[in-house]
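Subject: Structure handover and notes

Dear colleague,

I am passing on the structure below, followed by notes on what turned up when I went through it. Please read the notes with the coordinates open beside you.

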Amino acid sequence: MKDLLVLLALLGLLCALWFAHRAHIRTVSSLAALAARNVMFDLLPQAVVLLDQQRRVLDCNGMAQAMAFSLQVYKNQPFELALTAWLDLNDGGMIETEHERFLLAFRDGRKRCYQIVEQPMAMGDAGYGRVIIIHDVSAMHHMLEAVREEANHDPLTGLPNRRAFEARGGELMLSLMWPFTVVLADLDLLKHINDTWGHAVGDEALCRVAALLEKRVPPSAMAARIGGDEFAVLLPTTTAQQAHTWANEIREAIKKEPLSAGHSIALSIGFAEVTGPEQSLQGALAQADQQLYAQKAENHKPAALRA
C-alpha cells in the first residue's frame, strides 16, 4: 500500500507536468519539466493511462504501449471501448468485484492477470480526469491458482477431491438439469494389496482406477477420489439405467489392467439417480453407498452362494 501511495503521488506530479505541456507553457523551465516528465512517465514499471473528464484516452506510457495498448490506436477513444478492444485483441476478459477490477489476457503465449487501479486526476480549470494504473499481478494470480488447484485435487491420483466433487454436485443441483446420476466405486481388497505387496502397489492400484475413470467419463462428467479406496463420479443427464451400463463397462475394463505384482483389480460400484429438487446430493451418495456395500458383500461370498 505504501508503494502504491508513493506511485500515486509521483503520478500526480507527472499529470500536472503533462497538463502544463497541454497548456503550451513554453518557458525554459516548463520544457525541462516536460523532458523530465517524459522520461519519468515512460520509465514507470506499471502501465499508466490518462483519461480526460469524459473518460477518453489522452495518453499512456511506454509500459502500456509495450502491452500493445497503442496510443496511436486508442487515443481519444472512450476508455471502456478501448479496453474492450484490447481484451478482444488478447483473448482476454474482465473480472469485477465490488471494489476491484482484474483483466485476464493471453500475451506471449502465457496467461496474464492485471489489476486496474483508478484515481482522480486534477486538470486545473477543466475539472478532474482519471489516472488508470494497470498492475501486472500474474505471479500472485498463478500462485493462488496453484493453491486452489492443490486444495481441490487429490495429490496421489490427480483427480478432484471430495471438496471439488461436492461443489460440482451442488452446481448440478442448482442447474435443474435432471436427471443426473451419482456413482460410487470402491477398490476391493485395497488393504490386502497393501499388506501383501506393499503400499507402492496399493498406490499403483488407486492410480490405475483413477486413470481409467478419467479416461471413460464423458466430457461433462466428473470423476473424483473422495476417500481412501473410494471414488465418485457425477454423470450429468444420465439415468440410472445408463449409469448401470457404464458401471458394468468400467468393472470389466479394470479387470484387464493387472498390477505390476500380477494381482487383478476389482471394483464394487453403486449408483443413485437424482431426478428432482426434492432429492439431495448427500441423499444420493448415501443411496449409492448402500448399493455399493451390498455389491461388495455379494462379491466376497463364495462363488456357489452368489445370487
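Which residues does arginine 251 touch, if those up to four places away in sequence are not counted? With a contact taken as heavy atoms within 4.5 Å, arginine 251 touches Leu267, Ile269 and Gln295.

Before going further, please note that this is a predicted model, in which local features need pLDDT of at least 70 and side-chain atom pairs count only at pLDDT 80 or more, while totals for chains, interfaces and linings use all residues. Residues are numbered from 1 along each chain as its sequence is written, and side-chain values use heavy atoms, with hydrogens and water left out.

Confidence

The mean pLDDT (the predictor's confidence in each residue, from 0 to 100) of the protein chain is 83, and 82% of its residues reach 70 or more. Taking helices (H or I, at least four residues) and strands (E, at least two) as DSSP runs numbered from the N terminus, confidence is lowest in helix H1 (residues 2-22), with a mean of 58, and highest in strand E8 (residues 222-225), at 97. Over residues 302-307 pLDDT stays under 50, and the model has four contacts beyond four places in sequence for that stretch. Where pLDDT is low, the predicted coordinates should not be read in detail.

Arginine 251

This residue lies in helix H10 (residues 240-255). Arginine 251 is buried (under 20% relative accessible area, as against over 50% for exposed and in between for partly exposed, with a 1.4 Å probe and protein chains only), yet arginine 251 has no salt bridge (a side-chain nitrogen of Lys or Arg within 4 Å of a carboxyl oxygen of Asp or Glu), and the nearest side chain of opposite charge, glutamate 252, is 6.0 Å away. The side chain of arginine 251 does make a polar contact (a pair of N or O atoms within 3.5 Å; within protein, one must be able to donate a hydrogen and the other to accept it, and residues adjacent in sequence count only if both atoms are side-chain atoms) of 3.0 Å with that of glutamine 295.

Salt bridges

The whole structure contains 14 salt bridges. One of them joins lysine 111 and glutamate 145, whose closest N and O atoms are 3.1 Å apart; this pair links distant parts of the chain, with lysine 111 in strand E5 (residues 110-122) and glutamate 145 in helix H6 (residues 138-151), 34 residues apart.

Aspartate 188 and lysine 296 meet at 2.7 Å, N to O. Aspartate 188 lies in the loop between strand E7 (180-187) and helix H8 (190-197) and lysine 296 in helix H11 (residues 281-299), so the pair ties together parts that are 108 residues apart in sequence. Aspartate 188 is buried, at 7% relative accessibility, and lysine 296 is buried as well, at 12%.

Aspartate 195 and lysine 191 also form a salt bridge, of 2.8 Å, and they are four residues apart in helix H8, about one helical turn. Aspartate 195 is exposed, at 53%, and lysine 191 is exposed, at 61%.

Nonpolar cores

The largest nonpolar core (a set of buried Ala, Val, Leu, Ile, Met, Phe, Trp, Tyr and Cys residues joined through side-chain atoms within 4.5 Å) has 30 residues, and those with the most contacts inside it include Leu213 and Trp246. Helix H9 (199-216) is among the elements that each supply at least two residues of this core, and H9 gives the most, with seven.

Best regards

Definitions and conventions:
Lys and Arg count as positive and Asp and Glu as negative; His and the chain ends are not counted.
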